[in-house]
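This report goes through one protein model, from its overall make-up to single residues. The sequence and the structure are shown first.

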Amino acid sequence: MTHEHPVVGQMNLHPEVQHIRVNAGAYLQELSESMPHGNIALEEAKLLHGGIMSACCLLSGGTAPLVAKFSPWNEPSEGEILSSWRLQNVNVPKVHDYGIVPSTANTDLPVAYTIMDAVQDDNKAVAPTLSSVLVGKPWLASTAGTIVGQELAKAHAVPVPGNTFGSQNIIAEFNTVAPSWNAYLQVAIKLHGHLFTALGYEE
């Protein structure tokens, strides 16, 4: 497996995430039999840069590109949440499989995995991240912020078994969807202002 950037030992990563990134190739090998879209050429897997609490691998050797995401296990799982969102027409990738990497199930660090479609552009190429697009086209920030705010507001309103991702108070502020990412953040900061105060921030 190749690395998009030499980041396995990068600073500021939580030790658990360091461990997951180092072992991502082994996790992929363990899960390879359950991969959708036919056999995945694991030698073509690429460990992507970024992810403060996860390791993401791009799998491009099948009939359609996939992303395998590994992170410390939480309940409910990210795969369960994304699947619930998609059923409610939130614009997120299709999840093919999720669960716990079997070899980690009974260890001190159970590792969750989610295998989902990679986001593609109109030419069926793997789409770049929004942050990388905005570096070259900063004038798109307002439009992108509006779209992100609307999708996040829809996502936060979707009940997930045993949990609701996000805050219902934020959703109630807008009745339906946030008009923009900026508006969403303003309400979130207002509702959680005591947390910022506790950290020493002032208005």
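The sections below cover the fold, the cores, the aromatic pair, the main pocket and a few individual residues.

## Overall make-up

The model is predicted. The protein chain holds seven helices and eight strands. Of its 203 residues, 36% are buried.

Among the contacts in the chain with a separation of 6 or more, 53% are between residues 24 or more positions apart.

## Nonpolar cores

The largest nonpolar core has 18 residues. Those with the most contacts inside this core are Ile20, Leu28, Cys57, Leu59, Phe70, Val101 and Val111. Two or more residues of the core come from each of α1 (15-31), β3 (55-59), β4 (66-72) and β6 (111-117). The biggest contribution, five residues, is that of α1.

Another core, of 13 residues, lies apart from the largest one. Trp85, Val95, Ala155 and Val158 are among its members. Trp85 is also one of the buried residues of helix α2 (residues 78-87). The others in that helix are Gly79, Glu80, Ile81, Leu82 and Ser84, so the buried set of α2 includes Glu80, which counts as charged, and Gly79 and Ser84, which count as polar.

## The aromatic pair

A pair of aromatic rings is described by the distance of the centres and the angle of the planes. The structure holds one such pair, formed by Tyr27 and Phe70. The ring centres are 5.4 Å apart and the planes make an angle of 50 degrees, which puts the pair in the tilted class.

Tyr27 belongs to helix α1 and Phe70 to strand β4, so that the pair links parts of the chain 43 residues apart. Both residues are buried. Phe70 is, in addition, one of the residues with the most contacts inside the largest nonpolar core.

## The largest pocket

The volume of the largest pocket is about 2,000 Å³. Its lining consists of 42 residues. Pro93, Val119, Pro128, Thr129 and Leu130 are the lining residues that lie nearest the centre of the pocket.

Elements that give two or more residues to the lining are β3, β4, α2, β6, α3 (130-136) and α4 (141-156). Of these, α4 has the largest share, with seven residues. By class, the lining is made up of 26 nonpolar, eight polar and eight charged residues. Three of the strands and helices named here, β3, β4 and β6, also give two or more residues to the largest nonpolar core.

## Residues with positive phi

Most residues other than glycine have a negative phi, and most peptide bonds are trans. Asn89 is not a glycine, yet its phi is positive, at about 65 degrees. The residue comes just after α2, in the loop between α2 and β5 (95-100). Is Asn89 buried or exposed? Asn89 is exposed, because its relative accessible area is 63% and the cut-off for exposed is over 50%.

Lys124 is another residue other than glycine with a positive phi, near 70 degrees. Lys124 sits in the loop between β6 and α3. Its relative accessibility of 64% means that Lys124 counts as exposed.

## Ser60 and Leu134

Ser60 is placed in the loop between β3 and β4. With a relative accessible area of 38%, Ser60 is partly exposed, because this value falls between the limits of 20% for buried and 50% for exposed. The C-alpha atom of Ser60 is 6.7 Å from that of Ala45, a residue 15 positions away along the chain.

Leu134 is part of helix α3. Its relative accessible area is 23%, so Leu134 counts as partly exposed; buried would require a value under 20%. Which residues does Leu134 contact when its neighbours within four places in sequence are left aside? They are Leu140 and Ala141. The C-alpha atoms of Leu134 and Ala144 are separated by 9.0 Å, with their positions ten residues apart along the chain counted as the separation.

Methods:
Residues numbered from 1 in each chain as written. Predicted model: local features only at pLDDT ≥ 70, side-chain atom pairs only at ≥ 80, totals over all residues. Heavy atoms only, no water. Buried < 20%, exposed > 50% of the residue type's maximum accessible area, 1.4 Å probe, protein only. Helix = DSSP H or I, 4+ residues; strand = E, 2+ residues; numbered from the N terminus. Core = buried A, V, L, I, M, F, W, Y, C linked by side-chain atoms within 4.5 Å. Phe/Tyr/Trp six-rings, centres within 6.5 Å; stacked < 30°, edge-to-face > 60°. 1 Å grid on protein atoms, 1.4 Å probe; cavity = no way out; pocket = protein on both sides within 12 Å on 5 of 7 lines; lining within 4 Å. Points joined across faces, edges and corners; volume = space filled by probe spheres on them. Contact = heavy atoms within 4.5 Å.
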